[in-house]
Amino acid sequence: MKQFDVVALGELLIDFTENGASNQGNGLFEACPGGAPCNVLAMLRKTGKSCAFVGKVGDDMFGKLLRDTIEEAGINADNLIMDANIPTTLAFVKTFSNGDRDFSFYRKPGADMMLTCDELPEETIANARIFHFGTLSMTHEGVRAATVKAVGLAKEGGAYVSFDPNLRPPLWEDLEEAKRQIAWGLSQCDILKIADNELEFMTGETDFVKGAAILHEKYPNIKVLNVTAGADGSYSFYGEEEPVFVPSFKLGGTIETTGAGDTFCASVLNFVLENGIACLTPEDREAMLRFANAAAYIVTTRKGAIRSMPERSEVEALLAAN
């Protein structure tokens, strides 16, 4: 028995999202706790899974808000380090009419970049059923080394490794370096969630089937490969089996897409925790994608991420009605 179902490492930050204008005409922003790895954990908590986060925030008002937020969400925060010298990372999010976003990051440096190998909670990482990470913890040398070490510890402990590239070009000085680090993540993971633009970035293919085939050939370690295609839906590729496609829920009410991919990713991890990773049938993968798409849709109707995750009963009700 493992202590945690999922342990995630990476960024924890504040997403400042547009929220109208003041009486004087000044733009208003809502401070939404977020960061992809913790967004994933927040959704997993809604499905009753035990979760722990590994990372660093500033010992400032934003860092304290983030610590309180993940604790309220039921995420173990024992290994959240408060940095006395470097401030919490901030992201300002411009939302377009279709719900897509553009990010401006305040992270030169940000506390999440300062996690070191010596600060890793080795026992916690070794006691995970699944270890999840992305590439924001691979943009800089120190935290990259910590990420590499953590993946090794998770593998030694027998965990499945989950990876989401979560490509944010403004955070990379060199996109070729981003490609190299994503390739390393692909070489390590058992479960991959990759967005359509990231699939094209890594393979040069806009055809999802061809792109997935390239990844499967190059990275045979990937057991479950899911591609999210935005408002169109999602695909699941599984070994030599035929791909499964499930369209998205287009029921209106979309405000923004922040956290939708993380909600999808968490839903897939929840499915693996409950059903295993071996011998998945097309029906299994269709059920996996339907739940993940439904949960992601609900999040797009709300602002922010950690505090906007739906209850499992909400997702099941949506599925029952559609």
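**A walk from helix α5 to the second largest pocket**

A polar contact of 2.6 Å links the side chain of Glu177 to that of Gln181. The model that shows this contact is a predicted one. Glu177 sits in helix α5. Its side chain also makes a polar contact with the side chain of Arg180, at 2.7 Å. Now look beyond the sequence neighbours within four places. There, Glu177 is in contact with Arg144 and Trp172.

Arg144 takes us to the next helix on our route. Arg144 is one of the buried residues of α4. Helix α4 covers residues 141-156, which makes 16 residues. From its first C-alpha to its last, α4 reaches 23 Å. That is close to the 22 Å expected at 1.5 Å a residue.

Which residues of α4 are buried? They are Val143, Arg144, Ala146, Thr147, Ala150, Val151, Leu153 and Ala154. What do these buried residues pack against? Their partners include two helices, α3 (122-126) and α5 (175-188). The strands β1 (4-9), β8 (128-134) and β9 (160-164) are partners as well. After the helix comes Gly158, with a positive phi near 90 degrees.

Backbone angles deserve a pause here. Most residues other than glycine have a negative phi, and most peptide bonds are trans. Some places in this model depart from that pattern. Take Asn166, in the loop between β9 and α5. Asn166 is not a glycine, yet its phi is positive, about 45 degrees. Is Asn166 buried or exposed? Its relative accessible area is 11%, so Asn166 counts as buried, the cut-off being under 20%.

Cys279 also has a positive phi, near 55 degrees, and is a residue other than glycine. Find Cys279 in the loop between α8 (260-275) and α9 (282-300). Cys279 is exposed, because its relative accessibility is 69% and the cut-off for exposed is over 50%.

The peptide bond has its own exception. Lys108 and Pro109 are joined by a cis peptide bond, with omega about 0 degrees. Pro109 lies in the loop between β7 (101-106) and α3.

Next, turn to strand β5, residues 76-83, where Asn79 is placed. Asn79 has a relative accessible area of 18%, so this residue is buried. Which residues does Asn79 touch, not counting those up to four places away in sequence? They are Phe53, Val54, Gly55, Pro121 and Thr124. With Thr124 there is a polar contact too: the two side chains meet at 3.4 Å.

Our last stop is a pocket, the second largest, with a volume of about 220 Å³. Its lining has 13 residues. Nearest its centre lie Ala213, His216, Gly239, Glu240 and Glu241. Which helix gives the most to this lining? Helix α7, residues 208-218, does so with four residues. By class, the lining has eight nonpolar, two polar and three charged residues.

One more residue rounds off the tour. Glu242 lies in the loop between β12 (233-237) and β13 (244-247). Glu242 has a relative accessible area of 61%, so Glu242 is exposed. Along the chain, Glu242 and Val209 are 33 residues apart. In space, their C-alpha atoms are separated by 9.6 Å.

Methods. Residues are numbered from 1 along each chain as its sequence is written. This is a predicted model: local features need pLDDT of at least 70, side-chain atom pairs count only at pLDDT 80 or more; totals for chains, interfaces and linings use all residues. Side-chain values use heavy atoms; hydrogens and water are left out. The expected span of a helix is 1.5 Å times one less than its number of residues. Buried means under 20% relative accessible area, exposed over 50%, partly exposed in between (1.4 Å probe, protein chains only). Contact means heavy atoms within 4.5 Å. On a 1 Å grid over the protein atoms alone, a cavity is a set of points where a 1.4 Å probe fits but cannot get out, and a pocket is an open set with protein on both sides within 12 Å along at least five of seven lines; lining residues have an atom within 4 Å of a point. Grid points are joined across faces, edges and corners, and a volume is the space filled by probe spheres set on the points. Ala, Val, Leu, Ile, Met, Phe, Trp, Tyr, Cys and Pro count as nonpolar, Asp, Glu, Lys and Arg as charged, and the others, Gly among them, as polar. A polar contact is a pair of N or O atoms within 3.5 Å; within protein, one must be able to donate a hydrogen and the other to accept it, and residues adjacent in sequence count only if both atoms are side-chain atoms.
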